[in-house]
Amino acid sequence: MTEADLIAACQRGEPRAQRLLYERLAGLMLTVCRRYLKRREDAEEALLLGFAQMFRALPTYRGEGSFEGWVRRIMVNRALMELRRKEPLTLSFDDFAQPENLATAPATADTQLQADDLLALLAELPPGYRTVFNLYALEGYGHQEIAELLGISEGTSKSQLSKARALLQRRVGQAAAVAY
């Protein structure tokens with residue numbers, strides 16, 4: 001069944017098609033939700049609520065652009081809603097203003113870190129840093145969009161991204177040193 005056929009069947013409310021669409025996208029969308037929510041249970045809740053929202057909104061999908069991108073946007077927004085509810089978004093400057101918390105060397109690609117290790121490092125970031133980093137670096141949002149989504153200024157978005165990158169570089173360096 002093609003994606004267009006599957007979407008049309010879901011728009012008609014066919015349960016088999018809805019289950020198939022869920023099975024095709026659930027793994028990828030759970031990964032999206034996990035980027036924002038530390039606890040797997042919270043990410044799974046966001047995923048289920050996101051799919052319910054997606055199925056309700058499916059009649060409005062016009063077929064313009066990538067369907068996966070449309071679903072991803074719904075999941076990101078749902079994960080952000082859950083993040084606000086479960087883990088208040090704090091945009092702190094004090095915690096990482098100390099010199100020992102800033103990156104001391106440029107990041108290199110020759111580390112032996114695996115994807116799971118990187119996701120774990122992301123999960124350790126403070127919620128504000130993690131959210132801005134995910135939206136910018138992984139989802140491709142611009143600073144203006146991030147500012148609107150999170151209710152912050154564009155400058156704060158840029159600052160949070162810079163601090164998240166510095167902290168991640170430092171932690172990647174530490175993890176790589178332990179791996180060697």
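Which residues of helix 3 are buried? In this predicted model, where local features need pLDDT of at least 70, side-chain atom pairs count only at pLDDT 80 or more, and totals for chains, interfaces and linings use all residues, the buried residues of helix 3 are Asp42, Ala43, Ala46, Leu47, Gly50, Phe51 and Met54. Residues are numbered from 1 along each chain as its sequence is written, and side-chain values use heavy atoms, with hydrogens and water left out. Buried here means under 20% relative accessible area, whereas exposed means over 50% and partly exposed lies in between, with a 1.4 Å probe and protein chains only. The cover over the buried residues of helix 3 includes helix 2 (15–36) and helix 4, where contact means heavy atoms within 4.5 Å.

The wider setting of helix 3 is a protein with eight helices and zero strands, and its pattern along the sequence reads α-α-α-α-α-α-α-α. These elements are DSSP runs numbered from the N terminus, helices being H or I with at least four residues and strands being E with at least two. Of the 180 residues in the protein, 39% are buried. Among the contacts with a separation of 6 or more, 70% are accounted for by residues 24 or more positions apart.

The length of helix 3 can be checked against its residue count. Helix 3 (residues 40–57) has 18 residues, which at 1.5 Å a residue should span 26 Å, and its end C-alpha atoms are 25 Å apart, which agrees; the expected span is 1.5 Å times one less than the number of residues. For helix 6, the twelve residues should span 16 Å at 1.5 Å a residue, and the end C-alpha atoms are 15 Å apart, again in agreement.

Helix 6 is mostly covered, with nine of its twelve residues buried, namely Pro127, Gly128, Tyr129, Arg130, Thr131, Val132, Phe133, Asn134 and Leu135. Ala137, also in helix 6, counts as partly exposed because its relative accessibility is 40%. Although Ala137 and Leu161 are 24 residues apart in sequence, their C-alpha atoms are 8.7 Å apart in space. Just after helix 6, Gly140 takes a positive phi of about 85°.

How, then, does helix 6 pack with helix 4? Helix 4 (residues 67–86) and helix 6 (residues 127–138) pack at an angle of about 175°, with their axes 12 Å apart, the axes being lines fitted to C-alpha atoms, for helices over the stretch in contact, and the angles running from 0 to 180 degrees between N-to-C directions. Helix 4 is therefore roughly antiparallel to helix 6, since angles over 145 degrees count as roughly antiparallel, those under 35 as roughly parallel, those from 65 to 115 as roughly perpendicular and the rest as oblique. In this pairing, Val76, Leu80 and Leu83 in helix 4 meet Arg130, Thr131 and Leu135 in helix 6. The residues of this contact divide into four nonpolar, one polar and one charged, where Ala, Val, Leu, Ile, Met, Phe, Trp, Tyr, Cys and Pro count as nonpolar, Asp, Glu, Lys and Arg as charged, and the others, Gly among them, as polar.

Helix 4 also holds Arg72, which counts as buried because its relative accessibility is 19%. Leaving aside residues up to four places away in sequence, Arg72 touches Leu28, Met29, Val32, Arg35 and Glu139.

Finally, the cysteines. Cys10 is buried, with a relative accessible area of 4%, and Cys33 is buried as well, at 0%. With a disulfide taken as a pair of cysteine sulfur atoms within 2.5 Å, the count comes to zero disulfides.
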